[in-house]
Amino acid sequence: MYTVDNAEYVSVNGKVTLEQAKNAIINAATKWQIEEITPGHMTAKLFADQKKVEVDIKYNTKAFSIIYKNSKNLEYDGLRIHANYNKWIQELQHNINTQFDNL
């Protein structure tokens with residue numbers, strides 16, 4: 001199972017505010033339903049072909065993490081999960097990183 005753990009932001013000037021990090025994640029997660037829990041913590045849900053995944057996204061001014069929370073119809077057995085999950089998380093991570101190219 002693919003996990004993103006404290007992936008550092010790549011930005012031009014090396015400085016990212018919490019608000020910039022939040023906006024970058026929201027802008028990157030175009031296919032996801034985002035809910036802010038507290039500053040620095042969101043949940044994201046994705047629905048696709050009778051499948052559902054929910055992740056926690058934790059972020060600060062230096063890095064972000066994407067952590068599995070729940071799923072439906074992805075055959076999660078505690079260690080392994082449907083390959084689509086890994087693809088979706090890698091795509092989300094890439095999209096978040098791309099948002100920092102313009103800072």
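This is a walk through a predicted model, one selection at a time.

**Start with the whole chain.** Show everything as a cartoon and you should find 2 helices and 5 strands. Starting from the N terminus, the elements come in the order β-α-β-β-β-β-α. The radius of gyration is 13 Å, close to the 13 Å that the globule rule gives for 103 residues, so the protein is as compact as a globular protein of that length. Turn on the C-alpha trace and you have something that spans about 40 × 20 × 20 Å along its principal axes.

**Now pick out the strands.** Hide the helices for a moment. The 5 strands make an open sheet, and its order is E1-E5-E4-E3-E2, with antiparallel pairing. Colour E1 (4-8) and E2 (33-38) to mark the edges: each of these pairs on one side only. Look along the sheet and you'll see the twist, which averages 25° from one strand to the next.

**Zoom in on E2 and E3.** Select 33-38 together with E3, residues 41-48. These two strands pair in the antiparallel sense over 5 bridges. Two bridge pairs are handy to click on: Ile-34 has Ala-44 of E3 as its partner, and Glu-36 is matched with Met-42 of E3. Then go to the turn. This hairpin has 2 residues between the strands, and Gly-40 has a positive phi near 95°.

**Step across to E4.** Keep E3 on screen and add residues 51-59, which are strand E4. E3 and E4 run antiparallel and are joined by 8 bridges. For a sample pair, click Lys-45, whose bridge partner in E4 is Glu-54. The E3-E4 hairpin also has 2 residues between the strands, and here Asp-49 is the one to check: its phi is positive, near 45°. If you show side chains along a strand, keep one thing in mind. In a regular strand they alternate between the two faces of the sheet.

**Bring the helices back.** Select 18-28 for H1, which lies across E2, E3 and E4 and runs at about 165° to E4. Next select 83-99 for H2. This helix lies across E1, E3, E4 and E5 (63-72), and it runs at about 150° to E5.

**Finish at the largest pocket.** Rolling a probe the size of a water molecule over the atoms shows where empty space is left. The largest pocket found here has a volume of about 160 Å³. To see its lining, select Ala-28, Ala-29, Thr-30, Lys-31, Trp-32, Leu-46, Phe-47, Ala-48, Trp-88, Glu-91, Leu-92 and Asn-95 as sticks. Which element gives the most to this lining? That would be H2, with 4 residues. E3 and H2 each supply at least two of the lining residues. Colour the set by residue class and you get 8 nonpolar, 2 polar and 2 charged.

Key
Residues numbered from 1 in each chain as written. Predicted model: local features only at pLDDT ≥ 70, side-chain atom pairs only at ≥ 80, totals over all residues. Heavy atoms only, no water. Pairing = 2+ DSSP bridges. Axes fitted to C-alpha atoms, helices over the stretch in contact; angles between N-to-C directions. Contact = heavy atoms within 4.5 Å. 1 Å grid on protein atoms, 1.4 Å probe; cavity = no way out; pocket = protein on both sides within 12 Å on 5 of 7 lines; lining within 4 Å. Points joined across faces, edges and corners; volume = space filled by probe spheres on them. Nonpolar A, V, L, I, M, F, W, Y, C, P; charged D, E, K, R; others polar. Rg over C-alpha atoms; globule rule 2.2 N^0.38 Å.
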